[in-house]
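Here is a quick briefing to read with the structure open beside you. Follow the points topic by topic and look up each residue as you go.

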4 protein chains.
Amino acid sequence: MTFRIELKVRDYECDLQGIVNNGVYFNYLEHARHEFLYANNVDFAKLAADKINLVVIRSEIDFKTSLQPCDEFYVEVSPERISKLKFGFRQRVVRKKDNKVAVEALVIGTSVNEKGRPFLPNEINDLFPLSASKQ
Amino acid sequence: MTFRIELKVRDYECDLQGIVNNGVYFNYLEHARHEFLYANNVDFAKLAADKINLVVIRSEIDFKTSLQPCDEFYVEVSPERISKLKFGFRQRVVRKKDNKVAVEALVIGTSVNEKGRPFLPNEINDLFPLSASKQ
Amino acid sequence: MTFRIELKVRDYECDLQGIVNNGVYFNYLEHARHEFLYANNVDFAKLAADKINLVVIRSEIDFKTSLQPCDEFYVEVSPERISKLKFGFRQRVVRKKDNKVAVEALVIGTSVNEKGRPFLPNEINDLFPLSASKQ
Amino acid sequence: MTFRIELKVRDYECDLQGIVNNGVYFNYLEHARHEFLYANNVDFAKLAADKINLVVIRSEIDFKTSLQPCDEFYVEVSPERISKLKFGFRQRVVRKKDNKVAVEALVIGTSVNEKGRPFLPNEINDLFPLSASKQ
């Protein structure tokens with residue numbers, strides 16, 4: 001099951017090349033991940049207040065097509081368990097008018113407690129099922 | 001030879017976890033790449049005005065330590081030719097007070113002309129020497 | 001007639017106080033103005049490509065309530081002609097759940113041509129009718 | 001006494017008009033205010049952690065000249081007590097090469113405690129002396 005949110009380019013997100021700045025896709029991807037987490041009862045802001053920080057440890061992003069002013073697009077999120085302490089998100093940014101892929105990404109995260117130690121809350125554990133082979 | 005710029009965290013770059021937002025490192029890395037290019041007589045803004053767009057096609061970023069408010073840091077850039085039409089940047093974000101690496105990245109770019117066709121300006125070609133093995 | 005767009009806070013827009021960073025409201029307001037302009041056939045990006053730049057010359061913003069993660073809100077835009085060469089936007093950012101006003105703003109702009117001279121395109125002129133008293 | 005920090009435009013801060021996006025000046029101004037506060041022993045981030053939030057309640061910004069890629073500039077901060085519970089910052093963004101003023105601003109803030117009640121920490125009180133006439 002792929003989670004999806006719909007967005008539209010905002011002019012201030014475009015840079016002097018007239019296209020969406022590369023760094024902004026990182027924002028789109030993050031926003032989609034958080035919406036995915038909220039939709040699955042993982043409250044990023046509340047966890048942060050409780051000193052449990054979900055952190056990104058690696059991101060791989062392929063930039064394929066540039067979004068432009070007024071483009072409507074959607075961002076997809078598919079969860080994927082990476083290892084006992086790591087969880088991943090397969091993501092795509094897709095332009096709506098022609099279903100062209102703008103960005104493909106794999107973002108890997110973990111979760112740390114107040115002391116900076118790895119600590120996976122149950123709700124994260126449940127959302128990214130650990131296959132037998134990775135235990 | 002590694003190129004380097006020095007920066008300092010700005011509070012607005014921190015998010016509700018109280019640390020620099022992941023997407024902001026992308027901005028730091030881009031700024032350092034452009035400074036590196038300007039220092040080597042590659043004018044990103046002028047090229048954009050001439051309809052030659054330098055574009056990132058892939059980025060791999062490892063997040064290792066989180067920068068916090070007031071942290072001073074430097075961003076390193078080392079050029080690396082990837083292939084005939086692709087050039088790369090090995091980059092690191094390093095906290096000054098203890099030389100701890102915050103982020104390690106490989107960013108791969110290419111250059112396209114007005115028609116979207118790959119086109120490497122001479123100044124880029126010279127900056128990223130093509131080794132015999134990659135020709 | 002008041003123009004309105006609906007948005008939702010994105011976590012990366014929040015700062016270390018856990019609320020939307022003040023500078024981000026400026027982005028919300030700009031995005032709503034551009035959507036208002038696009039909806040009235042004024043194409044900001046196309047004008048920029050034609051070297052006609054719409055520029056903000058003054059903004060007055062009152063910050064009344066802070067938006068928080070997950071808040072849904074709308075941004076209102078009402079056009080108001082300021083003088084022969086200046087046009088204004090009365091704007092409000094309003095939280096949806098209780099209609100509480102987060103931000104009230106007056107943003108005044110003008111338009112300049114390639115030489116930096118004031119130049120109001122017809123479509124702007126028509127959108128902000130000049131009352132007899134201001135001619 | 002006017003406080004001052006020096007900065008340089010980063011390309012990603014420029015929008016599709018090829019100039020620094022208006023909202024970014026708000027970031028510059030905020031960063032300069034925080035540096036001013038830190039330099040005077042007011043720790044914005046620590047206060048936030050202690051649930052004392054310094055908040056902007058009004059900003060007036062006049063945009064006079066647009067900064068461009070590679071421009072170096074400085075941001076000035078002069079404190080000004082507005083009233084018993086309000087403090088202000090007179091600010092200017094000035095381009096270095098010709099001392100041309102890019103932005104002039106008055107930013108007014110107050111400070112609230114965990115309950116959202118006005119509460120001015122002593123260090124703020126001392127930094128913005130209350131003249132007899134405003135008591």
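Let's start with how the copies are arranged in this predicted model. Chain B lands on chain A after a turn of 180 degrees, with 0.0 Å of shift along the axis and an RMSD of 0.0 Å. The two copies are therefore related as by a two-fold rotation axis. Chain B can also be superposed on chain D, again by a 180 degree rotation with 0.0 Å of shift along its axis (RMSD 0.0 Å).

**Chain B with chain A**

- If you want to find the rotation axis that relates chain B to chain A, look for B:Glu60: its C-alpha is 2.2 Å away, the closest approach of any residue of chain B.
- Each side puts residues into this contact: 22 come from chain B and 22 from chain A.
- Of the interface residues of chain B, 100% are interface residues in chain A too, so the copies meet through the same surface.
- Together, chain B and chain A bury about 2100 Å², and carbon and sulfur atoms account for 47% of it.
- How many salt bridges does the rule find across the interface of chain B and chain A? There are four.
- One salt bridge you can look up joins the side chains of B:Arg58 and A:Glu60, at 3.4 Å from N to O.

**Chain B with chain D**

- For the rotation that brings chain B onto chain D, B:Leu7 is the residue of chain B that gets closest to the axis, with its C-alpha at 4.8 Å.
- This contact uses 18 residues from chain B and 18 residues from chain D.
- Here too, 100% of the interface residues of chain B are also interface residues in chain D, so these copies meet through the same surface.
- About 1500 Å² is buried between chain B and chain D, with 51% of that area coming from carbon and sulfur atoms.
- Which residues of chain B lose the most area to chain D? They are B:Arg10, B:Asp11 and B:Tyr12, which together give 41% of what that side buries.
- Between chain B and chain D the count is four salt bridges.
- The side chains of B:Glu35 and D:Lys8 form a salt bridge, with N and O 2.8 Å apart.

**Aromatic rings**

- Searching the whole structure turns up 38 aromatic pairs over all chains.
- Take B:Phe36 and B:Phe89: their ring centres are 6.2 Å apart and their planes meet at 90 degrees, so this pair is edge-to-face.
- That pair ties together distant parts of the chain, since B:Phe36 is in helix H1 (residues 22–39) of chain B and B:Phe89 is in strand E4 (residues 87–95) of chain B, 53 residues apart.
- Are these two rings' residues buried or exposed? B:Phe36 counts as buried at 1% relative accessibility, and B:Phe89 is buried as well, with a relative accessible area of 4%.
- Over in chain C, the rings of C:Phe87 and C:Phe89 have centres 5.9 Å apart and planes at 85 degrees, so they are edge-to-face.
- C:Phe87 is buried, with a relative accessible area of 2%, and C:Phe89 counts as buried at 4% relative accessibility.
- There is also a cluster linked by ring pairs, made up of A:Tyr25, A:Phe26, A:Tyr28, A:Phe63, A:Phe73, B:Tyr25, B:Phe26, B:Tyr28, B:Phe63 and B:Phe73.

**Charges over rings**

- B:Phe89 turns up again here: the charged end of B:Arg33 sits over its ring, 5.8 Å from the centre.
- In chain C, you'll find C:Arg4 over the face of C:Tyr74, at 3.7 Å from the ring centre.

**A proline in a loop**

- Where is B:Pro121? Check the loop between strand E5 (101–112) and helix H3 (122–127) of chain B.
- B:Pro121 has 6% relative accessibility, so it counts as buried.
- Setting aside neighbours within four places in sequence, B:Pro121 is in contact with B:Leu47, B:Ile52 and B:Ser111.
- B:Ser111 and B:Pro121 are ten residues apart in sequence, and their C-alpha atoms are 7.8 Å apart in space.

Conventions
Residues numbered from 1 in each chain as written. Chains lettered and ligands numbered in written order. Predicted model: local features only at pLDDT ≥ 70, side-chain atom pairs only at ≥ 80, totals over all residues. Heavy atoms only, no water. Least-squares fit on C-alpha atoms with pLDDT ≥ 70 in both. Contact = heavy atoms within 4.5 Å. Phe/Tyr/Trp six-rings, centres within 6.5 Å; stacked < 30°, edge-to-face > 60°. Helix = DSSP H or I, 4+ residues; strand = E, 2+ residues; numbered from the N terminus. Buried < 20%, exposed > 50% of the residue type's maximum accessible area, 1.4 Å probe, protein only. Lys NZ or Arg CZ within 6 Å of the ring centre and 35° of its normal. Buried area = accessible area lost by both parts, 1.4 Å probe.
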